[in-house]
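Reader: I'd like a close look at a single part of this model: how the side chains pack in the interior, with the aromatic rings as the way in. Keep it relaxed, but give me the numbers.

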Amino acid sequence: AMYFWATGLLSSFLDNAPTYLVFFNLAGGDAPTLMSTLAPTLAAISAGSVFMGALTYIGNAPNFMIKAIAEDRGIRMPGFFGYMLWSCSILLPLFAVMTFIWFR
């Protein structure tokens with residue numbers, strides 16, 4: 001669970017790939033071990049880095065691209081903190097449920 005949340009919170013403000021690599025190496029960096037004995041840890045790192053990028057505009061490039069396209073077409077979009085308020089109110093409870101189902 002710690003890897004899921006730590007990776008995810010960092011991934012919210014950085015790109016997914018570097019975040020994944022940092023925590024992959026932090027967990028030992030040995031692929032055969034992480035894919036067998038520590039498979040739940042690798043799953044937590046993967047899920048956190050991918051899913052929690054959606055919490056901010058900058059955590060996942062398509063979020064920012066869609067915001068720019070929508071605004072270009074005249075659709076009002078929330079600012080950075082407004083988006084975080086909406087995304088966190090919806091996604092954080094879902095991530096908490098995921099933690100209890102898969103990463104406890």
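Author: Let's settle one term before going in: a helix here is a DSSP run of H or I at least four residues long, a strand is a run of E at least two long, and both are numbered from the N terminus. With that in hand, the elements of the protein chain run α-α-α-α-α-α from the N terminus on, which comes to six helices and zero strands.

Bear in mind that this is a predicted model. The average pLDDT of the protein chain is 92, and 100% of the residues score at least 70. Among the elements, α6 has the highest mean pLDDT, at 95, while helix α5 (residues 61-72) has the lowest, at 90.

For a sense of scale, the C-alpha atoms fill a box of roughly 50 × 25 × 15 Å along the principal axes. The protein chain has 104 residues, and 34% of them count as buried. When you look at contacts between residues at least 6 apart in sequence, 65% join residues at least 24 apart. On the outside, the accessible surface is about 6,400 Å², and carbon and sulfur atoms account for 74% of that.

Now the interior. The largest nonpolar core is made of nine residues: Phe-4, Ala-44, Ala-47, Met-52, Leu-55, Leu-91, Phe-95, Met-98 and Phe-103. Two helices, α4 (39-51) and α6 (80-102), each put at least two residues into this core, and α6 gives the most, with three. Ala-47 is a handy place to stand: leaving out residues up to four places away in sequence, Ala-47 touches Phe-4, Met-52 and Phe-103. There's also a second, separate core of six residues, and Phe-23, Phe-24, Leu-34 and Leu-42 are among them.

On to the rings. The structure holds seven aromatic pairs. One of them is Phe-4 with Trp-5, an edge-to-face pair with 5.6 Å centre to centre and 80 degrees between the planes. How exposed is each partner? Phe-4 has a relative accessible area of 0%, so Phe-4 is buried. Trp-5 sits at 25%, and because buried means under 20%, Trp-5 counts as partly exposed instead.

For contrast in geometry, try Tyr-20 and Phe-24: the ring centres lie 5.9 Å apart with the planes at 25 degrees, so this pair is stacked. The angle is what decides it, because planes under 30 degrees apart count as stacked. Both residues lie in helix α2 (residues 16-26), four residues apart, or about one turn of the helix. Tyr-20 is partly exposed at 26% relative accessible area, whereas Phe-24 is buried at 15%. Phe-24 is also one of the residues of the second core.

Back at the largest core, Phe-4, Trp-5, Phe-95 and Phe-103 form one aromatic cluster. Phe-4, Phe-95 and Phe-103 are also listed among the nine residues of that core.

There's a polar neighbour to this cluster that you'll probably want to inspect. Thr-99 lies in helix α6 and is buried, with a relative accessible area of 10%. What does Thr-99 touch, apart from residues up to four places away in sequence? The list is Ala-1, Phe-4, Trp-5 and Arg-104. With Trp-5 there's a polar contact too, 2.8 Å from side chain to side chain. That gives Trp-5 a ring pairing with Phe-4 as well as a polar contact with Thr-99.

Elsewhere in α6 there are two serines worth setting side by side. Ser-87 is in helix α6, and at 8% relative accessibility Ser-87 counts as buried. Skipping residues up to four places away in sequence, Ser-87 touches Ala-54, Leu-55 and Leu-92; Leu-55 is one of the residues of the largest core.

Ser-89 also has its place in helix α6, but at 47% relative accessibility Ser-89 counts as partly exposed. A polar atom of the Ser-89 side chain lies 2.9 Å from the backbone oxygen of Trp-86. As for Leu-55, Ser-89 is 34 residues away in sequence and 9.7 Å away in space, C-alpha to C-alpha.

Notes
Residues numbered from 1 in each chain as written. Heavy atoms only, no water. Core = buried A, V, L, I, M, F, W, Y, C linked by side-chain atoms within 4.5 Å. Buried < 20%, exposed > 50% of the residue type's maximum accessible area, 1.4 Å probe, protein only. Contact = heavy atoms within 4.5 Å. Phe/Tyr/Trp six-rings, centres within 6.5 Å; stacked < 30°, edge-to-face > 60°. pLDDT = per-residue confidence, 0-100. Polar contact = N/O pair within 3.5 Å; in protein donor to acceptor, adjacent residues only side chain to side chain. Areas by Shrake-Rupley, 256 points an atom, 1.4 Å probe, with all protein chains shown as cover.
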